[in-house]
Amino acid sequence: MGYSDAYVDNMTVVYSTLLSDPQTTCKIVSGPDQLCACFPADGEYHCEDRNVAERDALILQRLGLTPGQLVTWEDILARVARSLQPDDLLEICSTCPWLEYGVCQEGVQKVVSGQTLPVVRPKVYGVDVDAETRCKHYHSPVDIIALKFGCCERYYPCYECHLEVADHQPEPWPKSRFDEPAVLCGACGHELTVHEYKNCESRCPTCGAAFNPGCQLHHSLYFES
Ligand code: SF4
Ligand SMILES: [Zn+2]
Ligand SMILES: [Zn+2]
Ligand SMILES: [Zn+2]
């Protein structure tokens, strides 16, 4: 859809936070929000266009919300389920260029029918990265993890991928954050904390997929010691 990496990273963090903790408090705003903060500088800025404000006003009125209000994400989902149907977006969002992709209608449909919203896998950077995070350098059946680097908080399948693609030197994930997700299972998309990964005996605790036990030889490249 033409988003920049920084925009996608930020959107993934916001979305994942809301999914993992529905009690997250959200502040209702009209106009540019936390996602717009990462709108690419070279893109044609549209976040303050009049039709954006008009769409915001329509949807807030429909959900019974007002700018400045603090509500939990769970509350917002309940309001969507009560007050909105997917086809309502055809009118409310008629001036939005993203409407035609159908993603927003799909999301509303899921909320209305009580399904959980899909988990988005974080983007994995690197060279020749496949759907299970194998890369140009490591591509055996068991090379299915990606690791988050401390320098850029981005996932790469391996150290060499970071060297080839990033514009800075790689730094391992900091010890003080070993209780945060920093290892991605390429098979199921589960994100393991470093503690979880170090105790997993080379198997994903969620889907059981086998990880390459040889990766342990390189831990110092990925995890601060
Ligand atoms: S179509 Fe989607 S992105 Fe566009 S205004 Fe509606 S909800 Fe927002
Ligand atoms: Zn980096
Ligand atoms: Zn690689
Ligand atoms: Zn898994």
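Reader: How far apart do the C-alpha centres of domain 1 and domain 2 lie?
Author: In this predicted model, the two C-alpha centres are separated by 32 Å. The domain assignment gives domain 1 as 5-12 + 19-112 and domain 2 as 145-222.

Reader: What makes strand 3 and strand 4 a pair?
Author: Pairing requires at least two bridges found by DSSP. Strand 3 (residues 145-148) and strand 4 have 2 bridges in the antiparallel sense, so the criterion of at least two is met. Within this pairing, lysine 148 stands opposite tyrosine 155 of strand 4. The hairpin of the two strands has 6 residues between them, and glutamate 153 there takes a positive phi near 55°.

Reader: How do you know that strand 3 is also paired with strand 5?
Author: Strand 3 is joined to strand 5 (residues 181-185) by 3 bridges, and the two run antiparallel; a pair needs at least two bridges, so these strands qualify. Isoleucine 145 faces cysteine 185 of strand 5.

Reader: Why are strand 4 and strand 6 said to stand at the edges?
Author: The open sheet has 4 strands in the order 4-3-5-6, with antiparallel pairing. Strand 4 (155-156) and strand 6 (191-193) each have a single partner strand, so one side of each lacks a neighbour in the sheet.

Reader: What makes both faces of strand 3 covered?
Author: A residue is buried if 20 or more other C-beta atoms lie within 10 Å of its own. Ile145 and Leu147 on one side are buried, as are Ala146 and Lys148 on the other. Both faces of strand 3 are therefore covered.

Key. Residues are numbered from 1 along each chain as its sequence is written. Chains are lettered from A and ligands numbered from 1 in the order in which they are written. This is a predicted model: local features need pLDDT of at least 70, side-chain atom pairs count only at pLDDT 80 or more; totals for chains, interfaces and linings use all residues. Domain bounds come from an automatic or database domain assignment. A residue is buried if 20 or more other C-beta atoms lie within 10 Å of its own, exposed if 12 or fewer, and partly exposed in between; C-beta atoms are placed from the backbone.
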